[in-house]
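Here are my notes from going through the structure you sent over. Have it open while you read.

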Amino acid sequence: MMNWLGYGSDEATPDLSSEDAKKAKDMLGAENGDEFKDALEEDDVDTGKTFEVSTEELTIIRKQLETQFPDDCTYLSDAYILSVASKPYSKDPTKRRPLEYSMEKLTNVMEWRAQEGAPQMVAMVKLANGPEDWPEAVEYPQKLAKAKALATALNYSGLYFHGLTKDGRPILWVRTNRMPWYPDVDAQCNALITLADAGIRAMPEGVTDFICISDSSYPPPPNPTFLIKLLKALVKGYPDRLNALWSAPVSSVIQFVMNLLLPLMPGRLASKVVLLNLDGVRDKLKDILMNGEEDIPTFFGGSCQHDKFYPEESSAENRGKGSLKFDYFGMVDRLVQARKEFEASKK
């Protein structure tokens with residue numbers, strides 16, 4: 001049976017009943033409010049052309065961000081600021097975005113980060129990794145509860161960064177068979193923020209976006225609340241950070257989710273989503289992974305053992321004296337090492 005992209009299904013995946021599909025559509029409509037529509041007011045100009053941004057203009061943007069967001073101002077690299085400021089203006093693609101317009105877009109990102117508590121996520125991971133009698137844990141029980149929920153979401157090991165592409169982009173791997181059927185939506189989105197920020201901080205100089213590759217063999221039923229919040233995060237918190245999302249194999253659940261989400265996505269984001277069969281994804285991975293075929297993971301028919309670093313929760317041990325089992329700090333160390341090796345190879 002052929003799917004909507006013309007590929008055949010590679011392996012059995014759970015089907016979505018008509019009753020579940022109707023329920024998801026109804027819930028998605030309820031979640032899709034005015035705030036979300038505002039979030040999707042993104043430029044759809046993609047001419048591939050960029051314009052020069054002077055050193056003085058970069059300095060102006062930097063100083064304003066430092067004034068408004070002193071504790072998080074280093075999050076945005078010069079390369080990312082330049083990538084935003086150098087794009088064509090949506091109202092006149094023959095001209096560069098006005099500096100004020102670029103400043104507003106970057107400010108919106110930073111305000112979203114402050115609202116979602118993004119700058120505090122690493123501290124939350126550390127809190128979850130420590131004993132419950134730590135002074136901070138005892139003094140702030142609500143903060144500890146939030147940290148433990150974040151650790152639970154990370155512990156599924158359904159999301160993690162591992163390795164770089166040949167052009168230095170970090171790779172976010174998704175293992176849908178490990179994702180919860182009934183997620184704690186806030187905790188799951190906090191986990192995504194925690195991981196995305198780790199990948200961004202580990203980017204080699206000049207790199208501003210990452211690749212996402214999903215093993216979509218056994219996805220959980222779609223959760224509209226989570227899907228909308230996830231899409232909001234990509235649009236409001238990580239604009240132009242996703243270079244591509246490849247998902248394989250194609251199932252009825254994945255088709256349904258994409259049919260729900262694609263009409264809601266800005267055009268540039270929607271164009272980055274590609275659904276593939278297993279042969280198709282393996283061919284692409286050979287071309288982009290740093291070491292080619294030898295970096296293809298076992299769950300895509302290769303020999304690279306991701307589970308050595310990111311086992312299922314039932315096989316993982318606590319990393320410290322708390323509830324964290326996911327090897328967050330090891331992941332960060334491996335990303336930093338991969339960046340060093342990539343940058344050394346370019347000298």
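The points below start with the whole chain and then turn to charges and rings.

1. First, a reminder that this is a predicted model. The protein chain carries 14 helices and seven strands, and buried residues account for 52% of its 347 residues.

2. On how the chain folds back on itself: take the contacts in the protein chain with a separation of 6 or more, and 76% of them are between residues 24 or more positions apart. The accessible surface of the chain is about 16900 Å², and carbon and sulfur atoms hold 50% of that.

3. Now the charges. Searching the whole structure turns up 16 salt bridges. One of them joins the side chains of Asp279 and Arg282, at 2.7 Å from N to O. Both residues belong to helix H13 (residues 278–288) and sit three residues apart, about one turn of the helix.

4. How covered is that pair? Asp279 has 48% relative accessibility, so it counts as partly exposed. Arg282 comes in at 25%, which also makes it partly exposed, given that buried means under 20%.

5. Asp327 is worth a look, since its side chain turns up in two bridges here. It meets Arg319 in a salt bridge at 3.8 Å, N to O, and it forms another with Arg334, where the closest N and O atoms are 3.2 Å apart. Asp327 itself is buried, because its relative accessibility is 14%. The two arginines are partly exposed: Arg319 has a relative accessible area of 41%, and Arg334 has a relative accessibility of 24%.

6. Which residues does Arg113 share a salt-bridge network with? They are Asp72 and Asp197. Arg113 also has its charged end over the ring of Tyr75, 3.4 Å from the ring centre. Arg241 makes a contact of this kind too, with its charged end over the ring of Tyr80 and 3.7 Å from the centre.

7. On to the rings. The count of aromatic pairs comes to nine. Among them are Trp173 and Phe299: their ring centres are 6.0 Å apart and their planes stand at 80°, so the pair is edge-to-face. This pair ties together distant parts of the chain, with Trp173 in strand S4 (residues 170–175) and Phe299 in the loop between H13 and helix H14 (328–345), 126 residues apart. Trp173 is buried, with a relative accessible area of 1%. Phe299 is at 16% relative accessibility, so it counts as buried as well.

8. Tyr328 and Phe329 make another edge-to-face pair, with 5.1 Å from centre to centre and 85° between the planes. Is each partner buried or partly exposed? Tyr328 is buried, with a relative accessible area of 3%, whereas Phe329 is partly exposed at 30% relative accessibility.

9. One last item for your viewer: Tyr160, Phe309, Tyr310 and Phe326 are joined into a cluster by ring pairs. If you want a short tour, go to the Trp173 and Phe299 pair, which links distant parts of the chain, then to Asp327 with its bridge to Arg334, and finish at Arg113 over the ring of Tyr75.

Conventions. Residues are numbered from 1 along each chain as its sequence is written. This is a predicted model: local features need pLDDT of at least 70, side-chain atom pairs count only at pLDDT 80 or more; totals for chains, interfaces and linings use all residues. Side-chain values use heavy atoms; hydrogens and water are left out. Helices (H or I, at least four residues) and strands (E, at least two) are DSSP runs, numbered from the N terminus. Buried means under 20% relative accessible area, exposed over 50%, partly exposed in between (1.4 Å probe, protein chains only). Contact means heavy atoms within 4.5 Å. Accessible areas come from the Shrake-Rupley method with a 1.4 Å probe; for residues, only the protein chains shown count as cover. A salt bridge is a side-chain nitrogen of Lys or Arg within 4 Å of a carboxyl oxygen of Asp or Glu. Rings of Phe, Tyr and Trp (its six-membered ring) pair if their centres lie within 6.5 Å; planes under 30 degrees apart count as stacked, over 60 as edge-to-face and the rest as tilted. A charge sits over a ring if NZ of Lys or CZ of Arg is within 6 Å of the ring centre and within 35 degrees of the ring normal.
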